Amino acid sequence: MIRAVSRIALQRGVRHAWPGRVARQSTAAGPLGLGAAGQCLAEAKLVMEQTKDDKAVDAVFEAALNREDLSEAQRAVVDLAHVKVIFGRENVSRADKLATQDRLASATDKLEGEGGLACLAARAEGLQILGRLKEIEADAADEPSAQALSPASEYLQTAGDVYRRALRDMQKTQERTKAVPNLLGTQNAADAALFAGAMHSYLEAGRIKVRYGDSINAAVCLREGLELANDPKSPKMSPSDKEVAEMMLGFCVLNLNDPTQTSEAIDAFSSAQASISKRVAAKGEAEDRSSLARCNYGLGRAYGLKAAMLQQEVQEEAQRLNEQGKGPGELPRAFSSKIAELRDLSEKAAVAFEDASKGHGMTDREIADAYQRAATGRAILQDFSAALANAEKAIALVEEILQDATDAAERKELNFALVNCLHMAGGFHADSDAAGGIEKGLEMCHRAYDLLIDADELEARVTQGQIRQAQGLMSAKLGKMKVAEGYFSEAYKIFSETLGEDEGLTQAAKSCMAMTKAAPEQ
């Protein structure tokens, strides 16, 4: 899914979401430590205002760099300012930009460890430019590797850290840019420029980390960037760019598969959903509907993951209460509250997935997955009619996709998805009050089992055992105890071979087998 969000990011232009930012952004250069370098920047600004002659401007910078009264740090600040001016020109080529990497690296290295806002801001911007250039360089390959993209994200993340240090220094000392003319910005724009620099650096670093699958560190960077974006002092970010960043953060958190962190994912997706929904209601453009569908899919996953964690807690607590002999009227209030929360989360997950399944901009496989997850949510609510409707839609869509799939690995994945859908739908049929529901459930489980007949992977074998266990329960409901015993016996054999004798599933199958053996045939 994270790849899908990355595609949105690219379609939206998030890679260049702030085009020309490096060229236009204020240097936020403070007065401390610039000295003669400040004079050089002022002279360069004056020449730029008076002439459009690039050679004349370059000459001013070259003369400044040759001055003997500049320290290495001051020279680096001037050098970085010159590179920014070059980048801002209309006729600068990509090759010319890439050719400045050594110059940028050298200048930022000279500024490492230097204090003062001018040096911090200049170094941060130099690192930011290097990060963007490293990504451009990596993109020269058709499929950029993590090894190629990693330096780009690291430069940008470090730029964000340096910007934040500059922000802390500025907020602590209330330094301003009055004493030194700012080459490319206004004297009063220092706070805004530093906030923007930090925010964009972190968000860009996070986006690139998403590209090569580093969800843990991508989440760290996206979190930092969004925190800055929500600061009142920060320049207002475009809604669409913020939504993409929030969705990326949401999917990064989901990829960590840690139910304890799902609240952050829910908050991120909910914020994006509220923002996108306003535009969909006002304009209803295809791109916004597509973003909303993906956002709902992520929100459903987040609610579903939180519900799954809570469901496990409820089941464990229910078992303890049962062992204590507690009846329905004796349940603790906290337990009842957990059940109510589980129902609420399950309903929210189901609604989000059903909205996502409407299909705007979603692939058929993603829509099928949304149907399947919506079915799970409805089942927890014991709305088996709605659960079954979603499951059957998923089955039909997966079967349709399978007809056109030719890749062996893809067919195997789709086949297993179909097995899970059939198994799920079979259970819903059996739990419904419809006439012939149990027989229909058995039939669907037979279909699911047959699709796994030659499978030997652990997950597939365990699924076979679960299907046989379900068929045993259905047969027992019909009073066919001998048939049920056969299913339970087969489930026990599969579980004991794959999971071991002490596993819960193995023991459950063993208990069911013993009970049906002792029960009379009806």
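Is Arg-89 buried or exposed? I start there, and the answer is that Arg-89 is buried, with a relative accessible area of 15%. The cut-off for buried is under 20%, so Arg-89 falls inside that class. Before going on, please keep in mind that this is a predicted model.

Arg-89 has a partner. Its side chain meets that of Asp-54 in a salt bridge, at 3.5 Å from N to O. Asp-54 belongs to helix 4, residues 54–65, while Arg-89 sits in the loop between helix 5 (72–87) and helix 6 (94–98). The two are 35 residues apart, and the pair links distant parts of the chain. Asp-54 is partly exposed, with a relative accessible area of 29%.

In general, side chains of opposite charge can pair when their charged atoms come close. How many salt bridges does a search of the whole structure find? It finds 32. I will take two further pairs and then a network.

The next pair is Asp-369 and Arg-373, whose side chains meet in a salt bridge at 2.7 Å, N to O. Both residues lie in helix 16, 4 residues apart, which is about one turn of the helix. Asp-369 counts as buried at 13% relative accessibility, and Arg-373 is partly exposed at 33%.

After that comes Glu-457 with Lys-412, where the closest N and O atoms of the salt bridge are 2.3 Å apart. Glu-457 is in the loop between helix 19 (437–451) and helix 20, and Lys-412 is in helix 18, so this pair ties together parts that are 45 residues apart in sequence. Glu-457 is partly exposed, with a relative accessible area of 33%; Lys-412 counts as exposed, at 52%.

Now the network. Arg-132, Glu-135, Asp-139, Glu-204, Arg-207 and Arg-211 are joined into one network by salt bridges that share partners.

On to the cysteines. The search of the whole structure finds 0 disulfides. For Cys-221, the nearest cysteine sulfur is that of Cys-252, and it is 9.6 Å away. A disulfide needs the two sulfur atoms within 2.5 Å, so Cys-221 is in no disulfide. Cys-221 counts as buried, at 0% relative accessibility. Cys-119 is buried too, with a relative accessible area of 4%.

One polar residue deserves a mention here. Gln-128 lies in helix 8, residues 117–138, and counts as buried at 1% relative accessibility. What does the side chain of Gln-128 reach? It reaches the backbone oxygen of Gly-197, at 3.5 Å.

Last, the largest pocket. About 1,400 Å³ of space lies in it. Its lining has 35 residues, and the closest to its centre are Gln-311, Gln-315, His-423, Phe-428 and Gln-466. Which helices each supply at least two residues of the lining? They are helix 14 (286–323), helix 15 (333–356), helix 16 (364–380), helix 18 (408–431), helix 20 (458–477) and helix 22 (504–518). Two of these names came up earlier: helix 16 holds both Asp-369 and Arg-373, and helix 18 holds Lys-412. By residue type, the lining of the largest pocket divides into 18 nonpolar, 13 polar and 4 charged.

To return to the opening question, Arg-89 is buried, and its salt-bridge partner Asp-54 is partly exposed.

Definitions and conventions. Residues numbered from 1 in each chain as written. Predicted model: local features only at pLDDT ≥ 70, side-chain atom pairs only at ≥ 80, totals over all residues. Heavy atoms only, no water. 1 Å grid on protein atoms, 1.4 Å probe; cavity = no way out; pocket = protein on both sides within 12 Å on 5 of 7 lines; lining within 4 Å. Points joined across faces, edges and corners; volume = space filled by probe spheres on them. Nonpolar A, V, L, I, M, F, W, Y, C, P; charged D, E, K, R; others polar. Buried < 20%, exposed > 50% of the residue type's maximum accessible area, 1.4 Å probe, protein only. Polar contact = N/O pair within 3.5 Å; in protein donor to acceptor, adjacent residues only side chain to side chain. Salt bridge = Lys/Arg side-chain N within 4 Å of Asp/Glu carboxyl O.
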